[in-house]
Amino acid sequence: MKAQQPLEKINWSKVHNQFIEQAKPFKKLSSAIVANGPIALDSPKEKDLFVFLCRIIVGQQLSTHVAQTIWSRILEQCNNKTDRLMNLCSASSAVQLRNCGLSARKVEALLRLQKSFKEGEIDQSRIQQLQDEEVVDEISRIWGLGPWSAEMVLIGFLGRTDVWSENDGALKRGINLALGGVKSSHKVVELFKPYRTLLSRHIWKALDDGILTG
């Protein structure tokens with residue numbers, strides 16, 4: 001794939017000014033971007049795809065607080081060393097995982113994920129070289145994951161700059177609030193290429209801070 005410009009070399013102040021210009025026709029969206037101020041996309045901190053995917057599985061359909069609590073319990077089982085997580089996600093530790101607060105389905109998803117990595121069905125180095133659409137296809141084939149999970153991999157693990165998740169409920173709600181229910185929201189989002197990930201960050205932040213409500 002064509003190499004993406006390193007995140008630290010992008011002039012995020014300039015991009016922010018471009019965003020303000022692009023958002024001017026949309027009052028609420030423009031106000032949210034201005035209120036948020038410049039946002040820089042930082043290089044992802046997590047370097048282990050297996051750990052990242054485990055955390056996605058754990059957090060699915062849970063509040064942030066509950067997900068963090070369960071994740072902390074899982075890390076305690078690993079003595080807070082994520083390199084031991086691969087061993088924990090095995091059939092012999094299924095009861096331990098259940099005792100951390102995971103559903104039977106999520107335990108099964110972790111066990112299958114571990115098997116996929118162990119057998120080489122998922123290769124981190126290969127995933128890092130794929131185009132965005134190919135990453136979505138590859139991750140979506142993993143049992144217990146899907147397109148939304150894949151899009152979060154693109155954003156949170158691979159640090160891709162042009163990702164807009166149609167499968168993220170918060171983004172759907174946020175963009176509808178920002179545009180007043182404009183039916184052509186897809187066309188508006190397209191205006192922010194090649195930095196739609198940054199638009200995602202703006203919408204999430206505006207929702208979290210109560211700038212977009214309704």
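Here are some questions and answers about the packing in this predicted model.

Reader: Which helix gives the most to the largest nonpolar core?
Author: Let's start with the core itself, which has 71 residues. Among those with the most contacts inside it are Leu29, Leu53 and Val153. Nine of the core's residues come from a single helix, and that top contributor is helix 3 (residues 49-59).

Reader: Which residues does Leu53 touch, leaving out those up to four places away in sequence?
Author: Leu53 is one of the residues with the most contacts inside the largest core. Once residues up to four places away are set aside, its partners are Leu113, Phe117, Ile139, Ile142, Leu145 and Val153.

Reader: Why do the buried residues of helix 2 end up on the same side?
Author: Helix 2 covers residues 27-36, and its buried residues are Leu29, Ser30, Ala32, Ile33 and Asn36. They sit on the same side of helix 2 because the arc they cover around the axis is only 160 degrees.

Reader: And which residues are exposed on the other side of helix 2?
Author: The buried residues of helix 2 have cover that includes helix 1 (12-23), helix 11 (169-179), helix 12 (185-190) and helix 13 (196-208). Turn to the other side of helix 2 and you find exposed residues instead: Lys27 and Ala35.

Reader: What comes right after helix 2, and what is its phi?
Author: The residue that follows helix 2 is Gly37. Its phi is positive, near 80 degrees.

Reader: How many residues apart in sequence are the parts that Phe19 and Phe192 tie together?
Author: The model has four aromatic pairs. Phe19 and Phe192 form an edge-to-face one, with 4.8 Å centre to centre and 70 degrees between the planes. Phe19 belongs to helix 1 and Phe192 to the loop between helix 12 and helix 13, so the pair ties together parts whose separation in sequence is 173 residues.

Reader: What kind of pair do the rings of Phe50 and Phe117 make?
Author: Both Phe50 and Phe117 are buried. Phe50 is in helix 3 and Phe117 in helix 7 (residues 104-118), 67 residues apart, and the pair links these distant parts of the chain. The ring centres are 5.2 Å apart and the planes are at 75 degrees, so the pair is edge-to-face.

Reader: Which ring does the charged end of Arg112 sit over?
Author: Arg105 has its charged end over the ring of Trp143, 4.6 Å from the centre. For Arg112, the charged end is 4.3 Å from the centre of the ring it sits over, and that ring belongs to Trp143.

Note on methods
Residues numbered from 1 in each chain as written. Predicted model: local features only at pLDDT ≥ 70, side-chain atom pairs only at ≥ 80, totals over all residues. Heavy atoms only, no water. Core = buried A, V, L, I, M, F, W, Y, C linked by side-chain atoms within 4.5 Å. Buried < 20%, exposed > 50% of the residue type's maximum accessible area, 1.4 Å probe, protein only. Helix = DSSP H or I, 4+ residues; strand = E, 2+ residues; numbered from the N terminus. Contact = heavy atoms within 4.5 Å. Arc of directions from axis to C-beta. Phe/Tyr/Trp six-rings, centres within 6.5 Å; stacked < 30°, edge-to-face > 60°. Lys NZ or Arg CZ within 6 Å of the ring centre and 35° of its normal.
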